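Welcome, and please bring the model up in your viewer. We will go from one selection to the next, pausing at each stop to see what is there.

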Amino acid sequence: MKNGTAFVAFFSLLVAVAVQGQETALKPPVDEPAPIVADTMGWISVHFEKSSQTLVIPVSAQPGLTDDARQYLAANGTPITPIDANLTIITTRTYSVSFQDCSVTLTQKAVNDATEQAVVDGAVFMAANGEAVRQEHNVESDYTVVGPFDLSTLRPDKIVVEPPNTSRPSMMKTGPRLRIAATRAIPNAVTTDGQDLRDALGLSGPVHEDHKIIFGEREAVATTPSRAPDTVSEIALDFGTQEMADRQARAWKAAITACGGRAVSDKLF
């Protein structure tokens, strides 16, 4: 009798283990919970990189003559011929972000350093007074505040990371740029501490059309930041490395999706 009771108990145990195993097999795997928006935006805020952009623009420079030399040339009817030069603008950008739930404000600080130098056949051109034609100009800083905007107004299907442009002899060297399109206009306010470089260097006229094709808005922002538009249709972030630009793109997509941002069909209307 004892053996019969033991057999029944053992059989019941096997059935229980089999049922438990079947339930475990049928139970779907539990996905890792998605990070909350605050965690994602907190990660974004401490993973910005300082970025650098170098822009070289051909310009015409006035030779560095003394007043006596200018008067002498004028008295003899000798025209003062402008010198072909290169204007090199190095723009360094840093970013910060503030957020409350899904509302975000992005701040960019840019420092523009410009050097104008004449070059003839690879040698620095020497003016009549024996000094190299070289001028340095600094716009101490400009601040761009983008926002506030709601993350739900950004499009997770329109997140693009543009690769760096470092090929020679390109007139522009940049790091990777992250662009995220928005479904509505975003406030864009620029405050400049100092002169725009086009004013400081006495450059006249609008940005050259050929430059617009080559550089897009990057030249305009580097040379005339205070004339930036009051609203923008996207946010743009520059990085020093491709890896961080890609990681930030994934983080922004996670935050946008968590706040209800969704794809919008271009064929909707």
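Is Ser 96 buried, partly exposed or exposed? Select Ser 96 and take a look: Ser 96 is partly exposed, with a relative accessible area of 37%. Here buried means under 20% relative accessible area, exposed means over 50%, and partly exposed is in between, with a 1.4 Å probe and protein chains only.

Before moving on, a word on what you are viewing. This is a predicted model, in which local features need pLDDT of at least 70 and side-chain atom pairs count only at pLDDT 80 or more, while totals for chains, interfaces and linings use all residues. Residues are numbered from 1 along each chain as its sequence is written, and side-chain values use heavy atoms, with hydrogens and water left out.

**Around Ser 96**

Stay with Ser 96, which is found in strand β2. Strands (E, at least two residues) and helices (H or I, at least four) are DSSP runs numbered from the N terminus. Now show the neighbours: leaving out residues up to four places away in sequence, Ser 96 touches Phe 48, Thr 105, Leu 106 and Thr 107, where a contact means heavy atoms within 4.5 Å. Phe 48 is 48 residues from Ser 96 in sequence, yet their C-alpha atoms are 7.5 Å apart in space.

**The whole chain**

Zoom out and colour by secondary structure: you should find seven helices and nine strands. Of the 269 residues in the chain, 33% are buried. Among contacts between residues at least 6 apart in sequence, 77% join residues at least 24 apart.

**The nonpolar cores**

Next, select Met 41, Phe 149, Leu 151, Leu 154 and Trp 252. These residues have the most contacts inside the largest nonpolar core, which has 30 residues. Such a core is a set of buried Ala, Val, Leu, Ile, Met, Phe, Trp, Tyr and Cys residues joined through side-chain atoms within 4.5 Å. Elements that each supply at least two residues of this core include α2 (37-45), β5 (134-150), β8 (177-193) and α7 (242-258). The largest share, seven residues, comes from α7.

Centre on Trp 252 and display its contacts. Not counting residues up to four places away in sequence, Trp 252 touches residues including Ile 44, Val 104, Leu 178, Ile 180, Ile 235 and Leu 237. Apart from the largest core lies another one, of ten residues, among them Val 59, Leu 87, Ala 114 and Met 172.

**Salt bridges**

For the last stops, show the charged side chains. A salt bridge is a side-chain nitrogen of Lys or Arg within 4 Å of a carboxyl oxygen of Asp or Glu, and by this rule the count comes to five.

Pick Arg 179 and Glu 162, which form a salt bridge with their closest N and O atoms 2.7 Å apart. Arg 179 lies in strand β8 and Glu 162 in strand β6, so the pair ties together parts that are 17 residues apart in sequence. Arg 179 counts as buried at 16% relative accessibility, whereas Glu 162, at 28%, counts as partly exposed.

Add Glu 234: Arg 179 forms a salt bridge with Glu 234 too, the closest N and O atoms being 2.2 Å apart. This pair links Arg 179 in strand β8 to Glu 234 in strand β9, 55 residues apart.

Finally, select Arg 177 and Asp 238, whose salt bridge has its closest N and O atoms 2.7 Å apart. Both residues are buried. Add Arg 93 to finish, as salt bridges that share partners join Arg 93, Arg 177 and Asp 238 into one network.
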